[in-house]
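Hello,

The structure we discussed is below, sequence included. My notes on it follow.

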Amino acid sequence: SIHLLLVARIRLSFLTTADKPTLKELGSLTKDAELKVQVMEKVSPHWDSLAIQLGFEFPRIEQIRSDNRTTLNCCQDMFSMWLTEGFRRPVTWKTLLDALGDSEYQVMADTLRKLLRD
């Protein structure tokens with residue numbers, strides 16, 4: 001599905017040029033893709049508060065809001081922009097988990113930390 005392709009791209013984009021995907025990472029891509037879809041669906045109602053934590057400025061948030069019809073689409077665009085532009089914060093799992101914890105998604109951040117360790 002389109003969601004799986006998007007989140008697969010998100011997963012691969014977290015790898016730096018120095019990283020090379022291992023077989024384990026490639027094998028867990030489907031699991032990670034499903035996890036990212038769940039994250040986007042859960043944070044999409046308040047995607048803008050996460051965007052602020054990720055370093056987006058208000059005009060960019062308003063542009064995302066005006067370009068999209070649904071909060072899920074806004075969330076997808078926000079993640080896509082963050083992955084390509086970074087917005088003053090490195091594009092890493094730690095950054096995302098910190099941003100989730102700093103917004104209203106501490107429980108989700110804790111759950112993701114646990115899942116990423118497994």
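The chain exposes about 7,100 Å², with carbon and sulfur atoms supplying 57% of that area (Shrake-Rupley method, 1.4 Å probe; for residues, only the protein chains shown count as cover). This is a predicted model, in which local features need pLDDT of at least 70 and side-chain atom pairs count only at pLDDT 80 or more, while totals for chains, interfaces and linings use all residues. Residues are numbered from 1 along each chain as its sequence is written, and side-chain values use heavy atoms, with hydrogens and water left out.

The secondary structure comes to eight helices and zero strands (DSSP runs numbered from the N terminus: helices are H or I, at least four residues; strands are E, at least two). Of the 118 residues, 42% are buried (under 20% relative accessible area; exposed is over 50%, partly exposed in between; 1.4 Å probe, protein chains only).

The largest nonpolar core (buried Ala, Val, Leu, Ile, Met, Phe, Trp, Tyr and Cys residues joined through side-chain atoms within 4.5 Å) has 28 residues. V43, L50, F56, M78, F79 and L100 have the most contacts inside this core. The biggest contribution to this core is from α6, with seven residues. Beyond its neighbours within four places in sequence, V43 is in contact (heavy atoms within 4.5 Å) with L50, C75, F79, L100, Y105 and M108.

M108 also belongs to the buried residues of α8, together with A109 and L112. These cover an arc of only 100° around the axis (taken from the directions from the helix axis to the C-beta atoms), which puts them on the same side of α8. On the other side, V107 and R117 are exposed.

Regards
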